Amino acid sequence: MAESSNKGPGEAATLAAADIERWDIECDVVVVGHGITGAAAAIEAARAGAKTLVLERQMAGGGTTALSTGLTYFGAGTSVQTACGFSDSVEDMQAYVRLAAGRDADPERIRRYCEDSVEHFEWFRALGVEFNETYLDDKVTHPLTDDCLMFSGNEDAYPFCEQARPVPRGHKPAREGEAGAYLMEVLLAATESAGVRVLNECRADALVVDEDDDGRVVGLAVRLDLKPAHIRARRGVVLATGGFIMNREMVERYAPHLLQCNYPLGTPGDDGSGILMGVAAGGSAENMDEGLVLNAYYPPSSHLSGVLVDADGRRFINEDSYIGRTSDAILHQAGGRAFLIVDNSMYGRTQAAHKLAAVEETFADLERALDMPAGVLVDTLERYNRNVARGEDADFHKDAKYLRPLETLPLAALDCSTNNSIFGAFTLGGLATRATGEVERAGGGVIPGLYAAGRCTAGLCREGRTYASGMSIGEGSYFGRLAGRSAATAHER
């Protein structure tokens, strides 16, 4: 979905360079946002010789990455993959990333991301990020051990496993629990070590545009210490401001299906401000209707042996898919109402604390307790058990290792509906950019002096239903590096 208007929720605007009487601060490159994308952009810009400044609206940097597991999507033969006994190649990684990126994905982004993946992994290690050479052989959503390597998407699930050779590519830093804060501690320290100046509690309000120079972005209007100020960027501005999941008005306008989700994944900074500033300067926004939704009915991984059904009692997807795919299916195929049926041998408390909708001794009693059409759930579960007895899932091709009959009483139904469970969401749309970070004009060409990367752009991954965990940190950091380099090497004005 393209949005070419220069107005939108929030009514962002630009300032004319001719109206700026005095620049309070001048530098070569200004990076807006100090999460994983902004840090990577600033480090590369500084290393390329540019006098670089980062603006962070919060008291300290970190962004959404600091709240995450720190899982990052690397492949093509990292040292960890090799040490854990997995063979990967650029070609194999590309085959899967093409699927994960989804429809209308940019082949150039996919090629660069995969060809440079090993180098990008080593870039993190050189900054000081530690990774253990261990493999976590379990299906989890938030890995809590300090193991590194794991399957983090649909690599080993049907139909993806038939179209690309399954290889684990999720790499978690060597810290137990949520490792995102540790990852950002390293990146923030690396930003400082690179000689980048950081201004915290500085909010960017508008881009400054020189209409006499082809609409070139030459700086920003900001609020620093609650006072207005103007900052000049001689070579370029890099937007790294995050998505728009915290801006309800934008979500209502562009991705209203995400309003069914009750747990926005982000920080207050994910309010679309960078997208609005870019559009106001003439940039194009695209893919704005897409987002990732997450309903974590596993772990425990035993729940993958359960049966996910809609409100009528029918299956609609293979339960061993990545939760982005199953959650999207709950929203769009099951109409937002779904139940996971498990027996006593499988049941466990989910990470998202799903409610028990019913506990019964027979399929028929469970069906009545859930107020489903007579015979539908009974037929679904009996058919499933018959297929399991033959060692197959003829209907949805769930992997054989998760096929167990529902027979250890009692039976339970976990409510996975949008109104009775935790549904997380974040946005996948934003500014249209080239792989190297240049923001594209709504009418064609690029806006000189303006670059962007990360969740404020329509980046590598275009569809939530095909997404893999680690791609936001992976693409944000990688394409942030490219944007920082592009801005640093631009012609000085």
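Two strands are taken to pair if DSSP finds at least two bridges between them. In this predicted model, 3 strands form an open sheet on that basis, in the order 11-18-13 and with mixed pairing. Strand 11 (263-264) and strand 13 (291-294) occupy the edges of the sheet, and each has a single partner strand, so that one side of each remains without a neighbour in the sheet. Between strand 13 and strand 18 (residues 424-427) the pairing is antiparallel and extends over 4 bridges, with Leu294 matched to Gly424 of strand 18 as its bridge partner.

A further set of pairings involves strands 8, 9 and 10. Strand 8 (residues 202-210) and strand 9 run antiparallel and are joined by 8 bridges, and the hairpin that they form has 5 residues between the strands, with Asp214 in the turn adopting a positive phi of about 60°. Strand 9 also pairs with strand 10 in the antiparallel sense, over 6 bridges; in this hairpin 2 residues lie between the strands, and Asp225 takes a positive phi near 55°. Arg223 takes part in both pairings, since it is the bridge partner of Arg203 in strand 9 and has Pro228 as its own bridge partner in strand 10. Of the 9 residues of strand 9, 7 are buried, and the strand is therefore largely enclosed by the rest of the structure.

The loop between strand 9 (216-224) and strand 10 (227-239) also contains Leu226, whose phi, near 65°, is positive although the residue is not glycine. With a relative accessibility of 84%, Leu226 counts as exposed, because the threshold for that class is over 50%. A positive phi is found likewise at Asp104, where the value is near 60°; Asp104 is placed in the loop between helix 3 (90-101) and helix 4 (107-115) and is exposed, with a relative accessible area of 63%. Such values stand apart from the general pattern, in which most residues other than glycine have a negative phi and most peptide bonds are trans.

Cis peptide bonds are present as well. The bond from Pro299 to Pro300 is cis, with omega near 5°, and Pro300 is located in the loop between strand 13 and strand 14 (307-310). The bond from Leu409 to Pro410 is also cis, again with omega near 5°, and Pro410 belongs to the loop that runs between helix 12 (376-389) and strand 17 (411-415).

As regards the interior, the largest nonpolar core comprises 128 residues, among which Val237 and Ile341 touch the most other members. Helix 13 (residues 471-488) makes the greatest contribution to this core, supplying 7 residues. A second core of 21 residues is separate from it and includes Phe124, Tyr182, Leu183 and Val186. When residues up to four places away in sequence are not counted, Ile341 is in contact with Gly306, Val307, Val309, Leu366, Leu370, Leu377, Leu381, Leu406, Ala412 and Ala413.

Val307 and Val309 are also among the contacts of Arg315, which, with the same exclusion of residues up to four places away in sequence, touches in addition Leu308, Thr380, Tyr384, Asp393, Asp395 and Phe396. Arg315 lies in the loop between strand 14 and helix 10 (323-332) and is buried, its relative accessible area being 12%. The C-alpha atoms of Arg315 and Ser327 are separated by 13 Å, the two residues being 12 apart along the chain. In contrast to the burial of Arg315, Asp19 counts as exposed at 59% relative accessibility; Asp19 is situated in the loop between strand 1 (14-16) and strand 2 (25-32). From Asp19 to Ala353 the C-alpha to C-alpha distance is 55 Å, with 334 residues of separation in sequence.

A search of the whole structure yields 3 cavities of 30 Å³ or more, and the largest cavity holds about 80 Å³ of space. Its lining is made up of Leu71, Lys139, Val140, Thr141, Pro143, Met150, Phe151, Ser152, Gly153, Tyr298, Tyr322 and Ser469. Classified by residue type, the lining of the largest cavity contains 7 nonpolar, 4 polar and 1 charged residues.

Note on methods
Residues numbered from 1 in each chain as written. Predicted model: local features only at pLDDT ≥ 70, side-chain atom pairs only at ≥ 80, totals over all residues. Heavy atoms only, no water. 1 Å grid on protein atoms, 1.4 Å probe; cavity = no way out; pocket = protein on both sides within 12 Å on 5 of 7 lines; lining within 4 Å. Points joined across faces, edges and corners; volume = space filled by probe spheres on them. Nonpolar A, V, L, I, M, F, W, Y, C, P; charged D, E, K, R; others polar. Core = buried A, V, L, I, M, F, W, Y, C linked by side-chain atoms within 4.5 Å. Buried < 20%, exposed > 50% of the residue type's maximum accessible area, 1.4 Å probe, protein only. Contact = heavy atoms within 4.5 Å.
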